[in-house]
Amino acid sequence: MEEIKRDTALNIYQRMAAITADLNTVGKNLHVDTGKGKGYKAVSERDIIDNVKPLEAKYGVYSYPASRTVLESERLESETNYNGVTGKKTTFFERVETVYRFVNIDNPDEYIETTTFAEGIDAQDKGSGKAMTYADKYALMKMYKISTGDDPDADPSNDEYYRKPTDRKPPVQYDAKPKDELVYRCEKCNHPLTIYYDDNGKPISLRKWAEGSKKKFGMVLCKPCVDAVNTNEDK
């Protein structure tokens, strides 16, 4: 393999500016099917990486997601009707915050970071993967000023599409973790719920406790807050 020669004295800003100058417009080669014969064209992650990767190697930049935070994680259900039979469809939604880092290979202590936000929704439990892919793709696109040949401002927004729902109830709050490690939080003191026990010494599941306290008090409460509410009611 031929060794890549580069100016090792360049700082991270000079390297990224050089990559930006060498990059061309990336075409929208991905067709996204939205159902019922409709869809749209988009820039794929592969097209972005295929354009960026050789230039990062050429100018000595390594980019990667330094951290991710799940801001919202929900399992949604909707009704379906096929040939008169009603069923349920489960969809997984994730919203993530990603801190994406660009490092000077010849001076690893020097780097630039950008923060991106992305949402992913999928019926096959791939919502988190989609959200991460979008976050990484747009970090590269924005930091290297990659043009896709169009302008989103060319399409005017219609206010009627952005009304807030009036009948939506706030979901049970929890920190996003794997399904069997949900961490519910008290909506009054914001402390995480721990395992509590009934009068017979049996553990009460976090989900059961959270749903029970929400049904009785109108919000998810930890045991100390439940005790405080009961004490005030007894006075």
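Biologist: What is the relative accessible area of Asp 22?

Modeller: Start with the classes: buried means under 20% relative accessible area, exposed over 50%, and partly exposed in between (1.4 Å probe, protein chains only). Asp 22 has 32% and is partly exposed. The model is predicted: local features need pLDDT of at least 70, side-chain atom pairs need pLDDT 80 or more, and totals for chains, interfaces and linings use all residues. Residues are numbered from 1 along each chain as its sequence is written, and side-chain values use heavy atoms, with hydrogens and water left out.

Biologist: Which residue forms a salt bridge with Asp 22?

Modeller: A salt bridge puts a side-chain nitrogen of Lys or Arg within 4 Å of a carboxyl oxygen of Asp or Glu. Here the partner is Lys 58, and the closest N and O atoms are 3.4 Å apart. Asp 22 sits in helix α1 (residues 12–22) and Lys 58 in helix α2 (residues 45–59), so the bridge ties together parts 36 residues apart in sequence. Lys 58 is partly exposed too, at 38% relative accessible area.

Biologist: How many salt bridges does the structure hold?

Modeller: Nine. Take Asp 136 and Arg 68: their closest N and O atoms are 2.8 Å apart. This pair links distant parts of the chain, 68 residues apart, with Asp 136 in helix α3 (residues 127–143) and Arg 68 in strand β3 (residues 61–82). Asp 136 is buried, at 12% relative accessibility. Arg 68 is partly exposed, at 31%.

Biologist: What separates Asp 227 and Lys 223 in helix α5?

Modeller: About one helical turn, because the two are four residues apart in α5 (residues 223–234). They form a salt bridge with closest N and O atoms 3.2 Å apart. Both ends are partly exposed: Asp 227 has 36% relative accessibility, and Lys 223 has a relative accessible area of 32%. Salt bridges can also form networks; one here links Arg 6, Arg 15 and Asp 106.

Biologist: How many helices and strands are in the protein chain?

Modeller: Count DSSP runs from the N terminus: helices are H or I, at least four residues, and strands are E, at least two. The protein chain has five helices and nine strands. Along the sequence the pattern is α-β-β-α-β-β-β-α-β-β-β-β-α-α.

Biologist: In what sense do β4 and β5 pair?

Modeller: Two strands pair if DSSP finds at least two bridges between them. β4 and strand β5 (residues 111–122) pair in the antiparallel sense, over 12 bridges. A hairpin of six residues joins β4 to β5. Within the pair, Val 96 stands opposite Ala 118 in β5.

Biologist: Which side chain of opposite charge is nearest to Glu 94?

Modeller: For charge, Lys and Arg are positive and Asp and Glu negative; His and the chain ends are not counted. Glu 94 belongs to strand β4. The nearest opposite charge is Arg 95, 10 Å away, and Glu 94 is buried without a salt bridge. Beyond residues up to four places away in sequence, Glu 94 touches nine residues' worth of surroundings that include Val 70, Glu 72, Ala 118 and Ala 131.

Biologist: Which residues have the most contacts inside the largest nonpolar core?

Modeller: In soluble globular proteins, nonpolar side chains tend to be buried together. A nonpolar core is a set of buried Ala, Val, Leu, Ile, Met, Phe, Trp, Tyr and Cys residues joined through side-chain atoms within 4.5 Å. The largest has 20 residues, and Ile 48, Tyr 144 and Ile 146 have the most contacts inside it. α1, α2, β4 (85–104) and α3 each give two or more residues to this core. Apart from it lies another core of 14 residues, among them Tyr 184, Cys 186, Leu 206 and Cys 222.

Biologist: Which residues is Ile 48 in contact with?

Modeller: Contact means heavy atoms within 4.5 Å. Leaving aside neighbours within four places in sequence, Ile 48 contacts Val 26, Val 43, Lys 137, Leu 140, Met 141 and Ile 146. Across the protein chain, residues 24 or more positions apart account for 56% of the contacts with a separation of 6 or more.

Biologist: What share of the 235 residues is buried?

Modeller: Buried residues make up 28%. For exposed area, use the Shrake-Rupley method with a 1.4 Å probe; for residues, only the protein chains shown count as cover. The protein chain exposes about 16,800 Å², and carbon and sulfur atoms supply 49% of it. Lys 216, in helix α4 (residues 206–217), counts as exposed at 61% relative accessibility.
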